[in-house]
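Thank you all for coming; I would like to walk you through one structure this morning, slowly and piece by piece. Please have the sequence and the picture open while I talk.

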Amino acid sequence: MISGTPPGHAPAIELRGASKVFRTPSGASHTAVRDLDLTVGQGEFVAVVGPTGCGKSTTLTLVSGLEEPTEGDVLVGGEQVTGIRPEVGFVFQQDAVFPWRTVLSNVTAGPRFRGVPRAEARERARDWLGRVGLAAFADRYPHQLSGGQRKRVALAQTFVCDPAILLMDEPFSALDVQTRALMSDELLELWGGSHGSRPGGRAASVIFVTHDLEEAIALADKVVVMTAGPATVKQVFPVRLPRPRKVESIRLEPEFVEIYREIWSSLGEEVRITRERGASRVA
Amino acid sequence: MSLESVESVGAPAALALGRTSARAKAARQRRLTVYAARVLVLAVVLAAWELSARNGVIDPFNFSMPSKIWDQIVQWTLHGTAQGSLGEQIWYTLYEALLGWALGVTGGVVLGTALGRVRFLADVFGPYIKVLNALPRIVLAPIFLIWFGLGPASKVASAVVLVFFPVFFNAFQGAREVDRNLVANARILGASNRRVTLQVVIPSATSWIFTSLHVSFGFALIGAIVGEYIGATKGIGLLVSASQGTFNTAGVYAAMVILAVVALLAEGLLTFAEKRLFRWKPGGSGPGE
């Protein structure tokens, strides 16, 4: 087990025996997550991989406070999660920027919702727009941007609130392969970049959900493999690749390939189970 | 992107430019032809009407004719109507329609959003609203006349009940179908419930609401006119009923023409406002384009 938690500190995120049961419209119950144990240390980057539709996203909504667990405990900074916490940032899979607001206004939204005065909010937003390379696009509307640019707006929108906990739900899955690699590098830079800007001098603790194992290994300190749904943790693999990393070059390292093979032997089985289930459901 | 590609073309640019201008010219020509054809259609219909009325093919007393209608409009404009000046009649009807429309829209948007947001309210009031909506509401006009008298209030009331429901249902649907991701994102970013309603639900429901605004202004006019027709001291609806009472067919048509012009102007204003409001939308999604 590796853990970025210094002694005497609570881990950034902790799930203990968390389960989530949804009621489907037809009245049946659907277990998305069962008996989930997961620990994320302070400043640790954890990637969660699993077969599609297994309940990875539900894990994030539990940590974010958007949903409450049916059973078990979800703790952030050692405290029980009872609602949306201000230190949590969330980057969604689909576009969640507000289409009727300009780019700048989208990025100021978070600080404004939190009561930061307009001038200061704008200043901080401009700063983050500069960091994601969209300074020239401040007055555009989201529909005038490319998919990658919109994702950058979403990143700036999240980072401007200076989150200590960063939850990412397949944020780059809708992008083309080249853009995705580029965005991964930028994400690592922004994440490490928040080192200096935070008063405590710590990078955010991240849970990054993806179904792309390469992306997971390239980004994370540890990779959590989920079982086929209902999801629970199957195995945790530490990734001891040196930082700073470049996504495009690191995937060619022999060590990367070795880790990939090791994790895939675990993940592949779950993917197979999911696929067989899908096939039997169709038949 | 597009700027770069134009600059980088270089040598064949002149050719492309020539082609572009030729295309623009063709498009202009086509537009002119369409306009000319439209005017022609109107002229043919009016001429046929006029001629057949003059030659006795149709009865001019029942069907009137364009020249008489025009004379009637000119007479009303220059010498006023039996109820006062024409401008005053138009203003009365417009005032009733606009006030009824504003009240109906406000009520529809507020209640529609509230019921769309609060499940409990929707469950409680849902059936009642369905029952009220099933009622042909124009039959309420006589009741309003009894309640509120001959003045503008009874017309405003009938306009309100006609306008409220379409706006309400669209606002309700709009509030229901807000992208859940947008709401989740706003909440994560720290928005309170009130902020979510005002800054996420209402903006994203505006396109729904606006579709109903176009229809509902027409309804407001109907409410005002029918109210006036049943009983009033001023207004275009009264002109219609007074003309009818004196077998002045031209007067009925003339009032209709005036109404159509008023409705078209209002529609134009609404489209203009919509374009300003929906600058954030991709492409010209406004109707009429």
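Let me start with strand β9 of chain A, where, in this predicted model, both faces are covered: A:K222, A:V224 and A:M226 are buried on one side, and A:V223 and A:V225 are buried on the other. Five of the five residues of this strand, residues 222-226, are therefore buried, and β9(A) is largely enclosed by the rest of the structure. As general background, side chains in a regular strand alternate between the two faces of the sheet.

Which strands pair with β9(A)? One partner is strand β3 of chain A, residues 45-49, which pairs with β9(A) in the parallel sense over four bridges, and within that pairing A:A47 has A:V223 as its bridge partner. Another partner is strand β10 of chain A, residues 233-238, and here the pairing with β9(A) is antiparallel, over five bridges. In β10(A), the residue that stands opposite A:V224 is A:V236. The strands β9(A) and β10(A) form a hairpin, with six residues between them.

If you follow the chain on past β10, you come to the loop between β10 and α7 of chain A, the latter being residues 247-250, and A:P244 lies in that loop. The peptide bond that leads from A:R243 to A:P244 is cis, with omega near -5°, and it is worth remembering here that most peptide bonds are trans.

Staying with chain A, I would like to turn to strand β6, residues 88-91, in which A:V88 and A:F90 point one way, A:G89 and A:V91 point the other way, and all of them are buried. Strand β6(A) runs parallel to strand β7 of chain A, residues 165-169, and four bridges join them; in that pairing, A:F90 stands opposite A:L167 in β7(A).

There is also an open sheet of four strands in chain A, with the order β2-β1-β4-β5 and antiparallel pairing. Which strands stand at the edges of this sheet? They are β2, residues 29-40, and β5, residues 79-80, and because each has a single partner strand, one side of each is left without a neighbour in the sheet. The partner of β5(A) is strand β4 of chain A, residues 71-76, and these two pair in the antiparallel sense over two bridges, with A:V76 having A:E79 as its bridge partner in β5(A).

Now let me step back to the domains. Chain A is divided into domain 1, which covers 13-87 + 163-242, and domain 2, which covers 96-162, and the C-alpha centres of these two domains lie 23 Å apart. The contact between them takes 13 residues from domain 1 of chain A and eleven residues from domain 2 of chain A. On the side of domain 1 of chain A that touches domain 2 of chain A, there are nine nonpolar, two polar and two charged residues. For chain B, the domain assignment gives domain 1 as 2-58 and domain 2 as 66-277, and their C-alpha centres lie 35 Å apart.

How do the chains meet? In total, 13 residues of chain B are in contact with 19 residues of chain A. The helices α9, residues 180-188, and α10, residues 193-230, of chain B each supply at least two residues of the side of chain B that touches chain A, and α9(B) gives the most, with six residues. By class, that side of chain B divides into eight nonpolar, three polar and two charged residues.

Helix α10(B) deserves a closer look, since it has 38 residues and yet its end C-alpha atoms are only 46 Å apart, short of the 56 Å that a straight helix would reach at 1.5 Å a residue. If you look along this helix, you will find that α10(B) bends by about 45° at B:T206.

Finally, consider two residues of chain B. Most residues other than glycine have a negative phi, but B:S64 has a phi near 55°, which is a positive value, and B:F247 likewise has a positive phi, near 55°. B:S64 lies in the loop between α3 and α4 of chain B, while B:F247 lies in the loop between α11 and α12 of chain B. Is each of them buried or exposed? B:S64 has 21 other C-beta atoms within 10 Å, so B:S64 is buried, whereas B:F247, with 10 C-beta neighbours inside 10 Å, counts as exposed.

Terms used
Residues are numbered from 1 along each chain as its sequence is written. Chains are lettered from A and ligands numbered from 1 in the order in which they are written. This is a predicted model: local features need pLDDT of at least 70, side-chain atom pairs count only at pLDDT 80 or more; totals for chains, interfaces and linings use all residues. A residue is buried if 20 or more other C-beta atoms lie within 10 Å of its own, exposed if 12 or fewer, and partly exposed in between; C-beta atoms are placed from the backbone. Two strands pair if DSSP finds at least two bridges between them. Domain bounds come from an automatic or database domain assignment. Two residues are in contact if their C-beta atoms, placed from the backbone, lie within 7 Å. Ala, Val, Leu, Ile, Met, Phe, Trp, Tyr, Cys and Pro count as nonpolar, Asp, Glu, Lys and Arg as charged, and the others, Gly among them, as polar. The expected span of a helix is 1.5 Å times one less than its number of residues. The bend at a residue is the angle between axes fitted to the seven residues ending there and the seven starting there.
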